[in-house]
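Q: Please explain how the features of a multi-chain model are to be read, taking each general idea before its particular case.

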Amino acid sequence: MHDILNDTIASAPLWAIVVTGVATLLVHAWDEKSDKPVFWIALAGIGVSAVLTIWRAPVAGTAYSGMLKTGGAASAWTLLFLVATLLTLFIAWDSLGKAAAPRGEFTILVLFAVAGMIPFSAGNDLLAVFIGLEILSVSLYTLVGLTRRRFASNEAALKYFLLGAFAGGFFLYGIAFLYGAAQTTNIEDIARRFAQSNFPVLFLTGSALLLVGLAFKTGAVPFHMWVPDVYQGAPTAVTTFLITGGKAAAFGAFVTVFTMTLGHASARFAVVIGVLALCSMVFGNIAAIPQTDIKRMLAYSSIGHAGYMLIGVQTASVEGAGGVAFYLLSYILTSTGAFGVVAAMENEQGEGTRIEDFAGLGYTKPLLGALLSLFLFSLIGIPPFSGFFAKYYIFLTAIEHGDLWLVLIGVATSVVSLYFYLRVMVVMFFRQPGENQPVPEAGAWTMIAVVLSAAGVIALGLFPGTVLDLITSVF
Amino acid sequence: MPSLTWYLTLSAVLFTTGVVGVLTRRNALIIFMSIELMLNAVNLTFIAFSAFLGDGRGQIVVFFVMAVAAAEAAVGLAIVIALFRNRRTVDINDVNVLKW
Amino acid sequence: MPEEYIPIVLILLCALAFGMVAVWLSRILGPRRDYPEKLTTYESGVEPVRTAHERFSVKYYMVAVLFILFDIEVVFIYPWAVRYRALGWYGLIEMVVFIGILLAGYIYILKKEALKWD
């Protein structure tokens, strides 16, 4: 009896989300038109979970017979997910309302997805990581296909589902090999078992297969094929969630499984992850150049950003992990901001996301235009916005780790990214709006999300050191 | 009793068959069946290790994999049905409004 | 040990060979005179309408999918039942939580009338 109480308290942030998810499910079952109460219950649940996360953050440990990490680094990841979810819900309220998409189901599925993200990124046992991955993935497949009468949404869901399940198979096969090599699925035990530098083939094969599964979820080249189609085809609110929460969960798991716990073995894979980082940076930033749809362009650029974060991952150090978490926080704020503006531009059919649709936005809607420019500057990495410091810390860690080659490529590709980000700004400020081009009206919740994101991007840019120290202290 | 290698080889063959199926077939349902074959090949690996290591944990993992596969099947079929209602096709070559 | 299975394998091979040879022989030796009535499904019966590859109502899939989901959960209840005493209160509480979440899903299905036929 005592154990179960301790475990429940230790994993309270996760329980808060699960209870909220089930509660919203029941509320929505009773009343079809209860989108609004469901939305408010979800906001309250996220708030409670955030408070519990901060409360448990100083007490790092494990719960449920070593299945789940609690407190410490797990709290940092959980907070990232909660920030991403909160901002996404704000944008979704207006964006899905406009498209007449089911907002209640969206909210419920997002909560379930978060309930998967937490064990995925903070599992202490590969089984818990796998189940977290699947809870997350199954929720996301459904979310991508949410607007089921739109063919693009169907198509994106099918592609995401088939490729996601395929990658999940590799991930699971990797777990099976590690289990065979170590006779356990507990990550800490596996790390302890292979503390020396002679690794059996079974162990190396298993780790490589895990790497494939994780690289797929992060959207790193060459496992990126799903990213552009899924991000473009999904409803914009869902894309926001995928690019923020989904990416954060994948990198949380990557850091937890690969660099924090399989620490000794991860040095063997540093070069492999480095090459993934290199390919992602080069491909993502170059493939974004010819894009005409802003969702698709941001999707390709997200592949590039995955590359920058992988530079931090491959250092396999506490500083690297802190740098990745900082980068994610910055990226979550910037992306929700940018996608908030995109969601405001869209019409009922989800059209209006071509870059030329943004012509003259700087005059017709100066505030939206200025905010989008701010987010794009942050994505490029121009000081004093958060994106600059995110890249700066990652590059700094990599140089200390002796990976100058990756940093050079990183800087070069950032310069390339100037081109396609600035092009959007040129269209916004130096091109006249087309004939009968509709002037978008951003909803109140979207404006709240966008302004909060902008404030976050500026605040992170003003006090980067404080935030980074805070994040690094829990790892 | 055959040695562990036989079981691992069999499951590797099954897994590879699944991978080849996913990469070569064009029917969404058959691709999904190939993925299920991959998962079951992994289950076989888990059971083989579990039996040869004398450790029950591997069999518990298989229970979870089965439950997960059922959940994936439910969502996957729902997606395929939604697609079919819009386009009357389950061929992934016909599904390319977005570029691959 | 494996030698004992050789007769079974032989029988299987013989059965397969016999079946194939019989079909092949009848095709070679038998006379073939096709005319339209002969090619119909029933030579003297009700005209078949529509294709034999009839599509089922999508409701079947709905029920089947939901059945799979709830059916597979027994896989967790069974080991718990076997180790019921050893797992004690902890196991019981966890199982109640598990069934509770399943129940919430079931209520959702009922309320959304996913199991109604028409």
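The dialogue below treats the chain contacts, two of the chains, and a residue and a helix of another chain.

Q: What should be known about the model and its numbering before reading on?

A: This is a predicted model, in which local features need pLDDT of at least 70 and side-chain atom pairs count only at pLDDT 80 or more, while totals for chains, interfaces and linings use all residues. Residues are numbered from 1 along each chain as its sequence is written, and chains are lettered from A and ligands numbered from 1 in the order in which they are written.

Q: How many residues do chain A and chain B each give to their contact?

A: Two residues are in contact if their C-beta atoms, placed from the backbone, lie within 7 Å. Here chain A supplies 31 residues and chain B supplies 34 residues. On the chain A side, the elements giving two or more residues are α6 (126-144), α7 (151-182) and α10 (226-233); helices are DSSP runs of H or I with at least four residues, strands are runs of E with at least two, and both are numbered from the N terminus. The largest share of that side, 17 residues, comes from α7(A).

Q: How do the residues on the side of chain A that touches chain B divide by character?

A: Ala, Val, Leu, Ile, Met, Phe, Trp, Tyr, Cys and Pro count as nonpolar, Asp, Glu, Lys and Arg as charged, and the others, Gly among them, as polar. That side of chain A has 17 nonpolar, nine polar and five charged residues. A further contact takes nine residues from chain C and eight residues from chain A; its chain C side has seven nonpolar, no polar and two charged residues.

Q: What radius of gyration does chain B have?

A: The radius is taken over C-alpha atoms, and the globule rule is 2.2 Å times the number of residues to the power 0.38. Chain B has 17 Å, whereas a compact globule of 100 residues would have a value near 13 Å. Its C-alpha atoms fill a box of roughly 50 × 25 × 20 Å along the principal axes. Chain B contains three helices and zero strands.

Q: What percentage of the residues of chain B and of chain C count as buried?

A: A residue is buried if 20 or more other C-beta atoms, placed from the backbone, lie within 10 Å of its own, exposed if 12 or fewer, and partly exposed in between. In chain B, 35% of the 100 residues count as buried; in chain C, 0% of the 118 residues do.

Q: How is chain C arranged, and what is the length of its helix α1?

A: Domain bounds come from an automatic or database domain assignment, which gives chain C domain 1 (2-39) and domain 2 (58-111). The C-alpha centres of these domains lie 48 Å apart. The expected span of a helix is 1.5 Å times one less than its number of residues. For the 24 residues of α1(C), residues 6-29, this comes to 34 Å, in agreement with the 34 Å between its end C-alpha atoms. The helix α1(C) is hardly covered, with zero buried residues.

Q: Why is Y393(A) classed as buried, and which residues does Y393(A) contact?

A: Y393(A) is buried because 24 other C-beta atoms lie within 10 Å. This residue lies in helix α17 (residues 386-401) of chain A. Beyond neighbours within four places in sequence, Y393(A) is in contact with G323(A), F326(A) and L468(A).

Q: Is helix α14 of chain A enclosed or uncovered?

A: Of the 28 residues of α14(A), 26 are buried, so this helix is largely enclosed by the rest of the structure. Helix α14(A), residues 318-345, reaches 40 Å from its first C-alpha to its last, close to the 40 Å expected.
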